[in-house]
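Student: Got a minute to look at a model with me? I want to go through its empty spaces and its core.

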Amino acid sequence: MSVEGELQGGRYRVGRTLGGQPHVRLGVHVDSGAEVVLKRATFPESQEQLLREGRLLQRLSHPRLRGLVDIFLDGASPVLVLEYRRGPDVLAWCRGGELVPRACEAIRSLLPLLSYLHGRGIVHRDLKAQHLLVEMGEGQPQLVLLDLGLAGEEPLGVAGTRGYM
């Protein structure tokens with residue numbers, strides 16, 4: 001990606017790496033001061049996947065889905081600018097209490113979002129703990145889906161993260 005502190009797209013200051021992924025960085029919109037996520041394609045073959053994710057996010061609006069703020073090109077590489085959502089990842093949250101009841105609560109909170117996506121013909125294809133964070137809403141956990149990289153409407157054959165399939 002870019003060096004911390006560097007300006008991207010003329011509007012975003014690059015910050016620290018998020019989630020251990022070098023292609024996903026915290027950013028700050030220079031005019032508003034709003035924190036955002038900057039996600040870019042790291043390889044030429046991943047550019048179409050990132051653009052597909054951006055096109056999907058442009059069509060979707062759900063409170064449990066991180067929203068798309070902007071898309072721009074950095075050289076030849078597309079960069080998605082996404083809402084920055086705060087909260088622990090779902091595994092850390094589940095381990096902070098009785099594991100099975102917390103895991104059931106988390107999964108239950110995800111079902112309306114999955115129904116929303118499936119009702120629009122979209123299949124996620126890579127649902128895993130690293131793509132979910134927990135926000136507390138009205139005392140109840142609500143999962144937020146952070147990544148739609150493999151999601152889509154068209155058949156892909158076998159898709160997902162090795163080790164989860």
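Student: What classes of residue make up the lining of the largest cavity?
Tutor: This is a predicted model. In it, the lining of the largest cavity has six nonpolar and three charged residues, and no polar ones.

Student: Which residues line that largest cavity?
Tutor: Glu53, Leu57, Leu65, Arg66, Leu82, Leu145, Leu146, Asp147 and Leu148.

Student: How much space lies in the largest cavity?
Tutor: About 40 Å³. The count is one cavity of 30 Å³ or more.

Student: OK, pockets. How much space lies in the largest pocket?
Tutor: About 930 Å³. It is lined by 34 residues, and Gln21, Val24, Gln130, His131 and Asp147 are the closest to its centre.

Student: Which elements supply at least two residues of that lining?
Tutor: Strand 2 (12-18), strand 3, strand 4 (35-40), helix 1 and strand 7. By class, the lining of the largest pocket divides into twelve nonpolar, eleven polar and eleven charged residues.

Student: And how do the lining residues of the second largest pocket divide?
Tutor: Into 13 nonpolar, no polar and no charged. The volume of the second largest pocket is about 170 Å³. Nearest its centre lie Val90, Cys94, Ala103, Ala106 and Ile107.

Student: Which elements give two or more residues to that lining?
Tutor: Helix 2 and helix 3. Helix 3 gives the most, with six residues.

Student: Val90 caught my eye. What is Val90 in contact with, leaving aside neighbours within four places in sequence?
Tutor: Ala106, Ala129, Leu132, Leu133, Val134 and Leu143. Val90 is also among the residues with the most contacts inside the largest nonpolar core.

Student: How many residues are in that core?
Tutor: It has 28 residues. Strand 3 (21-29), helix 1 (47-59), helix 2 (90-95) and helix 3 (99-119) are among the elements that each supply at least two of them. Helix 3 gives the most to this core, with six. There is also a second, separate core of seven residues, including Tyr12, Val14, Val79 and Val81.

Student: Why do such cores form in general?
Tutor: In soluble globular proteins, nonpolar side chains tend to be buried together.

Student: Last one. Is His29 buried or exposed?
Tutor: Buried, because its relative accessible area is 18% and the cut-off is under 20%. His29 sits in strand 3.

Student: What does the His29 side chain reach?
Tutor: The backbone nitrogen of Ser32, at 3.1 Å. Not counting residues up to four places away in sequence, His29 touches Arg11, Tyr12 and Ala34. Tyr12 is also part of the second core.

Definitions and conventions:
Residues are numbered from 1 along each chain as its sequence is written. This is a predicted model: local features need pLDDT of at least 70, side-chain atom pairs count only at pLDDT 80 or more; totals for chains, interfaces and linings use all residues. Side-chain values use heavy atoms; hydrogens and water are left out. A nonpolar core is a set of buried Ala, Val, Leu, Ile, Met, Phe, Trp, Tyr and Cys residues joined through side-chain atoms within 4.5 Å. Buried means under 20% relative accessible area, exposed over 50%, partly exposed in between (1.4 Å probe, protein chains only). Helices (H or I, at least four residues) and strands (E, at least two) are DSSP runs, numbered from the N terminus. Contact means heavy atoms within 4.5 Å. A polar contact is a pair of N or O atoms within 3.5 Å; within protein, one must be able to donate a hydrogen and the other to accept it, and residues adjacent in sequence count only if both atoms are side-chain atoms. On a 1 Å grid over the protein atoms alone, a cavity is a set of points where a 1.4 Å probe fits but cannot get out, and a pocket is an open set with protein on both sides within 12 Å along at least five of seven lines; lining residues have an atom within 4 Å of a point. Grid points are joined across faces, edges and corners, and a volume is the space filled by probe spheres set on the points. Ala, Val, Leu, Ile, Met, Phe, Trp, Tyr, Cys and Pro count as nonpolar, Asp, Glu, Lys and Arg as charged, and the others, Gly among them, as polar.
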